[in-house]
Amino acid sequence: MTRECSLLLPRVCAALADPRQPRSDDTCLEKLLDWFQLLTAFDPRLDLLQDNPCLTEFITSVLALPEPSPNILSFTLQLAGILASSENRFQHLQQEKLLVRLFGGDGPLSSALWEDASVRSGWVKGMHSMMQHQPALRFLCSGGGMDVIFILQGDPSLFVASAANKLLVDVLTLSVESEMTKPLSTKDCEWPACAQMIIKHVEDSLQSTSASRIEQSLKLLTSIFRSCHAEWTQVLWLGIANQIESLLTKETVEAQHLLANLLLEMAWSPVFGDNEGSIWALVTFALEHLTPLQVGPLAVKILMIYECPQEVRIQALTVLLQPMDCILRAASQPLEYTGLLDESVSDPATIEHLLSCKSSCVSLLCQTLGHLQKLLSQTHRRVDLPYTALLRSLVTILQFCNGFLSPASPLGSTISQILINCFRVQSSALDVLAALLERKDCDTLIAGLFDVLLAYLESPNTSPTVLKKTFKAASEALVRLQALSRSNSQHQQTEKILEGIFLVLQKRLCSPCWEVRDSSLEFLTGLVRCLKEEFRQSLLSSEVLKLTENLLEDPDSYVRASAVTAVGHLAFITFLDPESPAVGNQYNKENTIAKLQEILSTDPEGFPRRAAISIFTEWLRRGCTGQLEDTVQFVSTVIQTVEHDFDWEVRLGGLELVQAFCSHMYRHLGCPECPDPPVLAAVIYSVQQNKLLQILCQAKVFKFLFRSLCDCDKPLGQKACDILLNLRYTFYPVATLKEAEGPEGIPAGYNIAWLQRTLTQGSLAQNILIDGVKGVHFQDPENMMVVLGTIDLIELHDELNKCSDHVEKSPQSLLEDILATAGTIEDNEADCY
């Protein structure tokens with residue numbers, strides 16, 4: 001502890017223990033506890049208490065208060081626990097009889113303050129911090145503390161209950177690992193005294209008729225097996241295995257989902273995970289006896305365990321697929337395809353019953369679809385899904401939801417009535433469909449899928465969210481269909497589908513709902529990116545181009561931004577691509593650029609302007625801005641517009657445009673961006689090098705970069721500094737930076753030393769940073785060479801990358817803040833954080 005902190009600590013302790021002070025700031029107290037936690041962890045000696053007697057005086061003062069503030073009492077309990085984490089300090093506090101007064105039966109436990117959850121939480125956390133050595137363990141067990149923790153397991157405050165659960169796990173671990181003279185074995189189960197209390201409590205709870213006690217013990221066991229992977233956990237399991245198995249067979253037990261969580265943690269544990277372990281037999285038993293809603297989470301996570309036996313994996317997958325199998329069978333006509341499965345794990349009647357009830361049908365299908373999406377997102381799976389049958393079942397669910405299917409079976413009719421226009425199931429099914437379409441295994445059914453997707457796209461009952469997901473699934477399907485068309489000569493079928501898609505788009509782009517217009521534009525942009533040749537003819541023969549350009553003036557800013565992005569990408573297949581056919585005067589390059597530049601300079605909302613600068617950068621990266629002179633003029637115009645934008649993200653987009661412009665010029669002039677030093681030395685005085693410098697000055701790039709370097713938004717300064725550093729390495733490859741005092745073109749009053757000092761301070765006088773006699777000449781190549789070679793950009797880069805939080809976070813500052821807060825009157829209380 002520093003001398004300054006030692007001087008401040010007595011004052012802080014006195015202020016916190018003063019009952020006349022208003023309630024102290026909880027955040028400050030938490031930070032102070034964190035500081036003590038670190039301090040005591042690094043120094044377990046007694047010196048902290050001996051050198052700072054104010055700490056024990058503070059605890060004594062709080063205990064002497066007739067009614068201490070609950071948050072101060074909670075802080076005191078936690079502080080005492082942290083201090084007692086060292087055996088030396090524990091003995092000192094014991095001699096002062098402070099621990100028994102805080103954590104014993106005569107302390108807060110028996111006062112009215114115990115009703116406050118923060119006090120109970122402070123007691124548990126303080127005891128938890130203390131549990132680092134055997135004397136603390138004996139103090140807990142002999143003083144009746146275990147009974148308190150058992151009660152707090154069922155505390156109405158979830159935070160307190162969770163903390164009590166964690167404390168029991170650590171107490172059990174400490175007891176077994178510090179008090180055992182020899183390792184436990186399956187034949188020798190002589191648990192230490194403290195561990196015996198916990199295990200007996202668990203066993204009694206599992207046998208009780210109280211559902212809450214059973215749930216508490218299952219949560220405790222789950223935490224134990226999650227955090228402890230020692231051999232003694234096997235011995236613990238042998239004592240409770242029969243009770244757990246009996247709970248699995250009781251249909252009245254409400255905690256069956258907790259049983260599934262317990263088995264899953266055990267399956268993940270290396271102690272139980274081997275193929276011969278009895279845990280897999282119990283997992284199989286659970287898969288067979290728990291309901292699909294209860295066992296679904298267990299089944300999907302079991303499939304992700306590499307060591308899981310193959311027969312258990314197949315069984316878990318069967319559990320997940322049973323609802324989809326039932327859907328397919330319920331919708332099938334006689335002699336048509338069967339379901340997904342040859343046999344079931346649980347009784348099919350159970351699934352049919354769940355799907356016949358509205359609440360359970362929707363819950364079961366949404367849960368199943370969510371699990372399937374999780375499986376499809378896994379890159380490494382040992383059990384393959386039946387993709388074709390699964391795709392059929394997804395299509396069936398979607399047809400049920402929009403009423404396009406008239407099933408023959410009574411169950412199918414019931415399910416159809418339940419699912420009609422069900423938003424949740426539609427949304428989940430489309431998510432799985434989009435993930436499934438990324439697999440090549442479904443290619444045979446792709447073409448027929450568009451009937452269902454188009455029906456959703458055309459239906460007025462399709463919600464905006466479902467429509468957005470339908471667009472996503474349609475994009476995936478079109479990509480797959482495009483690959484198939486190239487290999488199977490199915491061009492006519494693809495063109496027909498695209499015609500249908502564009503008819504829907506024309507309608508959706510005119511929707512009164514802004515979310516629908518926005519999703520339609522996003523879908524169109526996605527099509528441009530993934531489909532080019534096949535897409536162009538269908539696009540040009542539709543009204544989509546005209547409608548998209550009309551949406552540049554949409555009243556909603558999100559829609560205008562999406563329209564800017566769509567128009568920018570559509571340009572690649574109209575006038576930017578040299579191979580594109582002429583499409584008419586209304587779609588020429590000049591008109592489009594003028595419209596987007598107008599949006600960049602005049603749109604009142606930030607989103608469309610951000611989209612415009614992003615599109616301009618994309619054009620530049622693709623080299624679609626014309627001849628060199630046109631490109632320079634284009635960049636100059638854009639960055640001069642962006643320079644004064646109020647939106648920092650638009651200005652950041654301008655820097656990305658500059659970065660793309662520099663890369664474009666490197667390629668155009670044949671200058672390597674990051675060449676080896678010998679190559680750099682060879683090109684440093686080349687014609688190309690001089691041309692590059694002249695072009696950057698002509699485009700007013702340096703003026704924009706130095707303005708950005710001093711921007712009040714730090715990401716802009718960092719980005720500008722990165723670009724300037726890259727330029728400096730280009731022009732000064734040997735890193736021979738020279739000191740220049742008042743070079744030609746820069747007046748003596750505003751020399752390079754002044755510029756460097758001003759930039760480092762993060763502010764630049766606006767009346768100086770102009771092209772003119774009294775300013776830095778940003779369009780003068782020689783002037784800029786001197787600037788780049790003189791300013792210490794590396795030092796500036798380090799300065800910009802420092803933490804932007806200028807409030808000192810040292811312990812001394814924290815103590816000062818607590819004093820400041822404690823010293824304020826209630827009417828003028830300030831939160832320092």
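In this predicted model, a disulfide connects Cys-141 with Cys-194, the S to S distance being 2.3 Å, and a search of the whole structure finds one such link. Its two ends belong to distant parts of the chain, 53 residues apart: Cys-141 sits in helix α9, which covers residues 134–142, while Cys-194 sits in helix α12, which covers residues 193–207. About the S-S bond the angle is -65 degrees, and the link between Cys-141 and Cys-194 is accordingly described as left-handed.

The surroundings of the cysteines can be described through their accessibility. Cys-194 has a relative accessible area of 2% and is therefore buried, since the cut-off for that class is under 20%. Cys-141, at 22% relative accessibility, counts as partly exposed, so the disulfide pairs a buried residue with a partly exposed one. Another cysteine, Cys-513, also counts as partly exposed, with 23% relative accessibility.

From the disulfide we turn to the nonpolar interior. The largest nonpolar core holds 270 residues, and among these Ile-302 and Phe-702 touch the most other members. This core lies between domain 1 (291–458) and domain 2 (660–739 + 746–814), because both of them give residues to it.

Around Phe-702, the contacts can be listed once its neighbours within four places in sequence are left aside. Phe-702 is then in contact with Leu-693, Leu-696, Cys-697, Leu-724 and Leu-727, and also with Phe-778, Met-784 and Leu-788.

Definitions and conventions
Residues numbered from 1 in each chain as written. Predicted model: local features only at pLDDT ≥ 70, side-chain atom pairs only at ≥ 80, totals over all residues. Heavy atoms only, no water. Disulfide = S-S within 2.5 Å. Helix = DSSP H or I, 4+ residues; strand = E, 2+ residues; numbered from the N terminus. Buried < 20%, exposed > 50% of the residue type's maximum accessible area, 1.4 Å probe, protein only. Core = buried A, V, L, I, M, F, W, Y, C linked by side-chain atoms within 4.5 Å. Domains from an automatic or database assignment. Contact = heavy atoms within 4.5 Å.
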